[in-house]
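Student: I am new to this structure and would like a close look at a single part, the sheet. Could you walk me through the sheet and what goes with it?

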Amino acid sequence: DNNFQRWNRRYDILFIAIDAIDGLDIPARNTQENFVGSSLQFRATALDAAQIPQFIAACSAQGVELKWFGEAQPNAFTSRYDSWKYIDPMPHLPNTLAALEKTLDLRVPLTFNHDDCRVVGAVIAQVFADFYKP
């Protein structure tokens, strides 16, 4: 219960920071849902898919690690359904691929304190501003 609360407080801080960035969107959660905020997924709707690897690299250069669900090959803890070799025959799900194309994942470690989460949010906002000018 203690870790559940710790994760969700960190998640909330990151959620507020990322949700405030024009061009990044966090899918709405069901208000009745109970979840552990150990990671946060958001969509880079204002970027072209071709810009996303550059955005991830720029965040990484500032110490913020993001993973991309749109990559064709699995990378760490992100993968697309079409890389799962146990599905045969592999269906083609264009709507799913379109949703994953701009979806990013940010892990929320309990080793981060609240200020760390604020810094991560600020780094994402700063880097994103270099890629998107509304």
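Tutor: Here is a walk through the sheet, followed by a helix pair and the cysteines.

A word on the ground rules: this is a predicted model, in which local features need pLDDT of at least 70 and side-chain atom pairs count only at pLDDT 80 or more, while totals for chains, interfaces and linings use all residues. Residues are numbered from 1 along each chain as its sequence is written, and side-chain values use heavy atoms, with hydrogens and water left out.

Now to the sheet. It is open and built from three strands in the order β1-β3-β2, with antiparallel pairing. Strands here are DSSP runs of E with at least two residues, and helices are runs of H or I with at least four, numbered from the N terminus. Two strands pair if DSSP finds at least two bridges between them. In general, strands of a sheet pair through backbone hydrogen bonds, either parallel or antiparallel. At the edges are β1 (39-43) and β2 (67-68), each pairing on one side only.

Let us follow the pairings. β1 and β3 run antiparallel and are joined by five bridges; Phe42 stands opposite Leu104 in β3. On the other pairing, β2 is joined to β3 (residues 103-107) by two bridges, again antiparallel. Lys67 has Asp105 of β3 as its bridge partner, and Trp68 has Leu104. β3 is also mostly covered, with four of its five residues buried (buried means under 20% relative accessible area, exposed over 50%, partly exposed in between, with a 1.4 Å probe and protein chains only).

Next, the helix pair. The axes of α1 (residues 2-19) and α4 (residues 114-131) come within 9 Å and cross at roughly 25°; axes are lines fitted to C-alpha atoms, for helices over the stretch in contact, and angles run from 0 to 180 degrees between N-to-C directions. That makes α1 roughly parallel to α4, a label for angles under 35 degrees. Residues making the contact (heavy atoms within 4.5 Å) include Ile13 and Leu14 of α1 and Cys117 and Val120 of α4.

That brings us to the cysteines. Searching the whole structure gives zero disulfides, a disulfide being a pair of cysteine sulfur atoms within 2.5 Å. Why does Cys59 form no bond? Its closest cysteine sulfur, in Cys117, is 15 Å away, too far for a bond. Cys59 counts as buried, because its relative accessibility is 0%, and Cys117 is likewise buried at 0%.

Notes:
Angles under 35 degrees count as roughly parallel, over 145 as roughly antiparallel, 65 to 115 as roughly perpendicular and the rest as oblique.
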